[in-house]
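Here is a short tour of a single chain, meant to be read with the structure open beside the text. Let us go from the overall build to the finer details.

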Amino acid sequence: MKLKIIEYPNPLLKQKCAPVERVTTETRTLIDNMFETMYAANGVGLAAPQVGIKQRVLIIDVGQIVDGESRPHPIALVNPTFQSQEGKITWEEGCLSLPDLIVPVERSEKVVVNALDPDGKEIKILGEQLLAVALQHEIDHLDGIILVDRLSRLKRDMYRKKLEKHEPIEEHIEDPKQVPAGLRKPYIG
Ligand SMILES: [Zn+2]
């Protein structure tokens, strides 16, 4: 079932989510519905608070290359926590809850995340580059942190006004050398 993606400035996006106490069939249904919602919106990540659920659940599909072809690679995590974060990378990010906003964000380049999978089993995910960006963007959502929090007050006000007028705003990285080659597509989650 496709769910409604809530958008800024809905206050639900600003709340810190509670850990899931037990992974159940209900959790798995939520995850299935989130995948359907994310794929329909052409996103590559989605966190439960974006569909109005205050639980530490996220999904990501940044794809993977198998035999030179791009294939789906769905990842669903419950109660994710960082075990380690290293390096720095800047990526242009967008958010399904923030229409028409693309903003460069500096993140860790490599992360290790511990979580439960949809069966409630403990798993460890190593994310580099785009997957690392995705994990950090979605875990931010679980803590009530969204991309507008990374804008200056002036730019945030501009964004709000543009939203009211339905005008897109884009920010570009001033120094393109900060972004590794071949990775120019914004991350949208
Ligand atoms: Zn987002």
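Helices and strands here are DSSP runs, helices of at least four residues and strands of at least two, numbered from the N terminus. With that in hand, the elements of the chain run α-β-β-β-β-β-β-β-β-β-α-α-β-β from the N terminus on. That gives three helices and eleven strands. Please keep in mind that this is a predicted model.

**Overall build**

The C-alpha atoms of the chain fill a box of roughly 45 × 35 × 30 Å along the principal axes. A compact globule of 189 residues would have a radius of gyration near 16 Å, and the chain agrees because its value is 16 Å. Buried residues make up 34% of the 189 residues. Among contacts with a separation of 6 or more, 67% are between residues 24 or more positions apart.

**The open sheet**

How are the strands of the open sheet ordered? Five strands form this sheet in the order β1-β2-β5-β8-β9, with antiparallel pairing. Its edge strands are β1 (45-47) and β9, each of which pairs on one side only. From one strand to the next, the twist averages 35°.

Inside the sheet, β5 and β8 pair in the antiparallel sense over six bridges. One residue to look for is Val-78, whose bridge partner in β8 is Leu-116. Helix α1 (residues 25-40) packs on the sheet, where it touches β1, β2 (57-60) and β5. The direction of α1 makes about 40° with that of β2.

On the other side of the pairing, strand β8 (residues 110-116) runs antiparallel to strand β9 (residues 122-128), joined by seven bridges. Leu-116 turns up again here, with Glu-122 as its bridge partner in β9. The hairpin of β8 and β9 has five residues between the strands, and Gly-120 takes a positive phi near 85° in this hairpin.

Strand β5 (residues 75-86) also holds Ser-84. Is Ser-84 buried or exposed? It counts as exposed, because it has 11 C-beta neighbours inside 10 Å and the cut-off for exposed is 12 or fewer. Leaving aside neighbours within four places in sequence, Ser-84 is in contact with Val-111 and Val-112. By contrast, the C-alpha atoms of Ser-84 and Asp-32 are separated by 28 Å, with their positions 52 residues apart along the chain.

**The core and helix α2**

In soluble globular proteins, nonpolar side chains tend to be buried together. The largest nonpolar core in this model has 44 residues, and those with the most contacts inside it are Met-34, Ala-48, Leu-58, Ile-59, Ile-60, Ala-134 and Leu-135. Helix α2 (residues 129-142) gives the largest share of this core, seven residues. Met-34 is in contact with Leu-3, Leu-46, Ala-48, Val-51 and Ile-59, leaving aside its neighbours within four places in sequence.

Why can α2 be called largely enclosed by the rest of the structure? Twelve of its 14 residues are buried, so the description fits. Among the buried residues of α2 are Leu-131, Val-133, Gln-136, Glu-138 and Asp-140. Helix α2 reaches 20 Å from its first C-alpha to its last, close to the 20 Å expected at 1.5 Å a residue. The 13 residues of helix α3 (residues 153-165) should span 18 Å at that rise, and its end C-alpha atoms are 18 Å apart, which agrees.

In the loop between α2 and α3 sits Ser-152, which counts as exposed because it has 8 C-beta neighbours inside 10 Å. Ser-152 is 28 Å from Met-38, C-alpha to C-alpha, and the two are 114 residues apart in sequence.

**Backbone details**

Several residues take a positive phi, including these:

| Residue | Place | Phi |
|---|---|---|
| Asn-42 | loop between α1 and β1 | near 60° |
| Gln-129 | helix α2 | about 55° |
| Gly-144 | just after α2 | about 75° |
| His-166 | just after α3 | about 60° |

Asn-42 is exposed, with 8 other C-beta atoms within 10 Å, whereas Gln-129 is partly exposed, with 17. Finally, look at the segment before α1, the place of Pro-9. The peptide bond from Tyr-8 to Pro-9 is cis, with omega near 5°.

Technical notes: Residues are numbered from 1 along each chain as its sequence is written. This is a predicted model: local features need pLDDT of at least 70, side-chain atom pairs count only at pLDDT 80 or more; totals for chains, interfaces and linings use all residues. The expected span of a helix is 1.5 Å times one less than its number of residues. A nonpolar core is a set of buried Ala, Val, Leu, Ile, Met, Phe, Trp, Tyr and Cys residues joined through C-beta atoms within 7 Å. A residue is buried if 20 or more other C-beta atoms lie within 10 Å of its own, exposed if 12 or fewer, and partly exposed in between; C-beta atoms are placed from the backbone. Two residues are in contact if their C-beta atoms, placed from the backbone, lie within 7 Å. Two strands pair if DSSP finds at least two bridges between them. Axes are lines fitted to C-alpha atoms, for helices over the stretch in contact, and angles run from 0 to 180 degrees between N-to-C directions. The radius of gyration is taken over C-alpha atoms; the globule rule is 2.2 Å times the number of residues to the power 0.38.
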